[in-house]
Amino acid sequence: MKNKRYVKFLILPIICIAAGIALSAYITYQYAEEYKNSKLPSAQAEIVDMTSYEKSGAKGRIDTVYIISYQYEIDGVLYESSFNSYSPKLVGDNIEIKYNPENPSVSTAVTAPDTKSFAFVLCFGFIFIVVGAVIAISVYKNRFQFIVELNGSADNVPRTQNQKRNPKAYYGLLLPLAVFLIAVALMYFQPFAQKSINADEFAKIMQTEGYEAENSLERLQNEFGMGSLIEQAYSVNTDVLRIDFCQLNTSHNARLLYNSAFLPDGEQVIDGKNMYASQDEEFFYIKLTRNNTFVYGACSAELKTELLQLLSDLDYYNE
């Protein structure tokens, strides 16, 4: 049995080869399905909603996955489906889909096979197989050397008396651990970060200031094209002033809405990391974001000071 002990060195190359075969088989099957779907008839679909969730990506990065719902009509019958994407869409946009003519309720937003990803992943699978095979051949060719080393190593290890460890030796381990825990605590509790209010608090503050805030969730979900990414929303609307307050499901999506929010052309009067404002002869416009909230404001030029004061009362604006 001792002569077979070198076999354990074959475990890694066998795993590499198996992983390469599995990866190649999976991506080939996926590509074949995408190619088959690309031959199905096309239809136009409308994005009707969008939500998202976050997951851990490579190197500790947090990736946002969007679940995009769409509707399409075939022979007078309305169908609904969804797909996952790392790129958001706007509610109300039209996209091309493929559907099964024998069962129109089955559809896909993948209209063409992803040849680039197929080739990239297939290459990786091939590399795994080649590397595993090279290591396995090398281990087998040098098996007698492994046997000699394995049989001789057990009797040649010098026996030394256990020595007591110096307690100071543990400081090198405890210090990085303490720094890591403190960093995690600061990221979670964010004691120095600016706090944001929620939609209900916005409505109460506006009521205190003498304005009536209406629940505008459905309207703003459609108007801003963000769908269910906006979880709560209230708006103040008068003849000369408008404030929209949106609470989104994540701070990433609040930033996404802030970056995509359009302000009419005018002279730039505020340009900060989380705030932008422009003004022309008649109107003043401003957008702000903090954590998972987004605020849009517009008013006549004469009411600029009043609007900024309202935003200051919300603690979203400081001169």
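Here are four short exercises, with worked solutions, on the predicted model above.

**Exercise 1. Get an overview of the chain: how many helices and strands does it have, and what share of its residues count as buried?**

Start with the elements. You should find 8 helices and 12 strands.

Next, look at burial. The chain has 319 residues, and 32% of them count as buried.

Now turn to the surface. The chain exposes about 20800 Å², with carbon and sulfur atoms supplying 56% of that area.

Finish with contacts. Take those in the chain with a separation of 6 or more: 53% of them are between residues 24 or more positions apart.

**Exercise 2. Find the largest nonpolar core: which residues touch the most other members, and which element gives the most to it?**

Pick out the hubs first. The largest nonpolar core has 32 residues, and Tyr 70, Tyr 72, Phe 224, Ile 230, Cys 246, Leu 248 and Phe 294 touch the most other members.

Then ask where the core comes from. Elements giving two or more residues to this core include strands E1 (42–56), E2 (62–74), E3 (77–85) and E4 (94–100), along with helix H7 (251–260). E7, E8 and strand E12 (293–300) are on that list too. E2 gives the most, with 5 residues.

Don't stop there, though: apart from this core lies another one, of 27 residues, with Ile 197, Phe 202, Met 206 and Tyr 234 among them.

Now zoom in on one hub, Phe 294. Leaving out residues up to four places away in sequence, Phe 294 touches Phe 224, Cys 246 and Leu 248, among others. Its contacts also include Leu 257, Tyr 258 and Ala 261, as well as Lys 287, Leu 288 and Thr 289.

**Exercise 3. Trace the strand pairings: how many bridges join E7 to E8, and how many join E11 to E12?**

Begin with E6 (residues 214–215). Strand E6 runs antiparallel to E7 (residues 230–237), and 2 bridges join them. One spot to check is Glu 214, which stands opposite Ser 235 in E7.

Step on to E8 (residues 241–248). Here 7 bridges join E7 to E8, again antiparallel, and a hairpin of 3 residues links the two strands. Tyr 234, a member of the 27-residue core, has Phe 245 in E8 as its bridge partner.

Move along to E10 (residues 275–279) and E11 (residues 283–290). E10 pairs with E11 over 5 bridges in the antiparallel sense, and the hairpin they form has 3 residues between the strands. Ala 277 faces Ile 286 in E11.

Last comes E12. E11 and E12 are antiparallel, with 8 bridges, and Leu 288 stands opposite Val 295 in E12. Their hairpin has 2 residues between the strands, and Asn 291 takes a positive phi near 50° there.

One extra check on E11: this strand is mostly covered, with 7 of its 8 residues buried.

**Exercise 4. Look at Phe 120: where is it placed, and is it buried or exposed?**

Place the residue first: Phe 120 sits in helix H2.

Then apply the cut-off. Exposed means over 50% relative accessible area; Phe 120 has 55%, so it counts as exposed.

Set that beside the general trend. In soluble globular proteins, nonpolar side chains tend to be buried together.

Finally, look around it. Phe 120 forms a nonpolar surface patch with Leu 23, Phe 124 and Phe 128, together about 370 Å² of accessible area. Helix H2 (residues 115–141) gives the most to this patch, with 3 residues.

Methods
Residues are numbered from 1 along each chain as its sequence is written. This is a predicted model: local features need pLDDT of at least 70, side-chain atom pairs count only at pLDDT 80 or more; totals for chains, interfaces and linings use all residues. Side-chain values use heavy atoms; hydrogens and water are left out. Patches are made of residues with over 30% relative accessible area and no salt bridge: like charges are joined within 9 Å, nonpolar side chains (Val, Leu, Ile, Met, Phe, Trp, Tyr) within 5 Å. Accessible areas come from the Shrake-Rupley method with a 1.4 Å probe; for residues, only the protein chains shown count as cover. A salt bridge is a side-chain nitrogen of Lys or Arg within 4 Å of a carboxyl oxygen of Asp or Glu. Helices (H or I, at least four residues) and strands (E, at least two) are DSSP runs, numbered from the N terminus. Buried means under 20% relative accessible area, exposed over 50%, partly exposed in between (1.4 Å probe, protein chains only). Two strands pair if DSSP finds at least two bridges between them. Contact means heavy atoms within 4.5 Å. A nonpolar core is a set of buried Ala, Val, Leu, Ile, Met, Phe, Trp, Tyr and Cys residues joined through side-chain atoms within 4.5 Å.
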